[in-house]
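Here's a quick walk through a binding site and what else turns up in the same model. Have the viewer open while you read.

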Amino acid sequence: MTSPLASLPSNLRPVGSRHIGNGQPVYVTGEIGINHNGDLENAFALIDAAVAAGCDAVKFQKRTPEICTPRDQWEIERDTPWGRMTYIDYRHRVEFDEAGYRSIDEYCRKRGIDWFASPWDVESVAFLEKFDVPAHKVASACLTDDDLLRALRATGRTVILSTGMSTPKQIRHAVEVLGSDNIVLCHATSTYPAKHEELNLRMINTLQNEYPNVPVGYSGHEVGLQTTLAAVALGAVFVERHITLDRAMWGSDQAASVESQGLERLVRDIRIIETSLGDGVKKVYEGELGPMKKLRRVAGVVAESEAEAGSQTAGV
Ligand SMILES: C=C(OP(=O)(O)O)C(=O)O
């Protein structure tokens, strides 16, 4: 019998040695973002946590500070763990240079985990292309940046497009610019932390219906794990959560991030849920025959065909 999953649109997207899409294990990404606070040792510890939890990938954010920071904010001073500094200096402080990413690349290879990043400007796409990254991601904030989308499309790599803070029209336009053949769509609500009543997880199904040939995933910024697990139960084939060494650490994303123990629980439960979802075809399991014999008084109709019978035994 052919699997009913075979009748679903073929929507696999290559990511390294894996694929994202129907019938594949959920691709779980630990979003390091800038939670490393510019410190490679923190980045390595976060990679270790993602490996220990069983994540498929870790992700970073890559910005060219002079392009991504509005000019009128460059000189504004702020207190940071490294003392008082201008905003533009701070933006540099939390970026890794090429040598930094070489170390990350090497470390991830050694630990056997994929890494990729969200480039926040066109220059950063060229920067990331120096590495053999398995994919690129578009942060929700960048969904309307057509130049960035065109540069990403030109790489020919799988592009994961996050849709927080965006209207259906903006999403349709972004999909047109990127092309639907090589993208994964990601439902997201761009508040940190996001309120449960604003997660709108049924958008996963709305996106699945509107883009049947595109894998749909979920990028979560909520507190807790249940809602991300619900996203998987609704069919998300890609999951991303921010990860942190300590939610109390300095940095804007830390509080809405998951610590190592939570990450382990999250990946464990995602694997249980994806196995439990099954294929949607009713069958009587071998193990049900004993209880059936004991508990059922009326035999009922006999299956008419082998296909209908599934694993039922003759005479049941
Ligand atoms: C902010 C990002 O993504 P999202 O919009 O999915 O949170 C990102 O990838 O940098």
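## Polar contacts to the ligand

Start with Trp-120: an N or O atom in its side chain is 3.5 Å from an oxygen atom of the ligand. That's in a predicted model, by the way. Ser-118 also has a side-chain N or O atom by a ligand oxygen, and there the separation is 2.6 Å. For Ser-140, the distance between a side-chain N or O atom and an oxygen of the ligand is 2.6 Å as well.

How much of the ligand does the protein bury? On its own the ligand would expose 290 Å², and 97% of that is buried by the protein.

## The shell and its pocket

Besides Ser-118, Trp-120 and Ser-140, the residues around the ligand include Glu-31, Lys-59, Gln-61 and Lys-137. Ala-139, Ser-162, Tyr-192, Ser-219 and His-221 are in that set too. Sorted by type, the shell comes out as 6 polar, 3 nonpolar and 3 charged residues.

And which pocket does the ligand sit in? It's the second largest one.

## A cavity as well

If you're hunting for enclosed space, the structure has 1 cavity of 30 Å³ or more. The largest cavity has a volume of about 40 Å³.

Its lining brings together Ile-34, Asn-35, Asn-37, Tyr-90 and Val-94 with a run from the other end of the list: Gly-251, Ser-252, Asp-253 and Gln-254. By type, the lining of this largest cavity has 5 polar residues, 3 nonpolar ones and 1 charged one.

## Domain layout

Zooming out, the protein splits into two parts: domain 1 covers 9-277, and domain 2 covers 279-316. How far apart are the C-alpha centres of the two domains? For domain 1 and domain 2, those centres lie 45 Å apart.

Definitions and conventions:
Residues numbered from 1 in each chain as written. Predicted model: local features only at pLDDT ≥ 70, side-chain atom pairs only at ≥ 80, totals over all residues. Heavy atoms only, no water. Near = heavy atom within 4 Å. Polar contact = N/O pair within 3.5 Å; in protein donor to acceptor, adjacent residues only side chain to side chain. Areas by Shrake-Rupley, 256 points an atom, 1.4 Å probe, with all protein chains shown as cover. 1 Å grid on protein atoms, 1.4 Å probe; cavity = no way out; pocket = protein on both sides within 12 Å on 5 of 7 lines; lining within 4 Å. Sits in = over half its atoms within 2 Å of the grid points. Nonpolar A, V, L, I, M, F, W, Y, C, P; charged D, E, K, R; others polar. Domains from an automatic or database assignment. Points joined across faces, edges and corners; volume = space filled by probe spheres on them.
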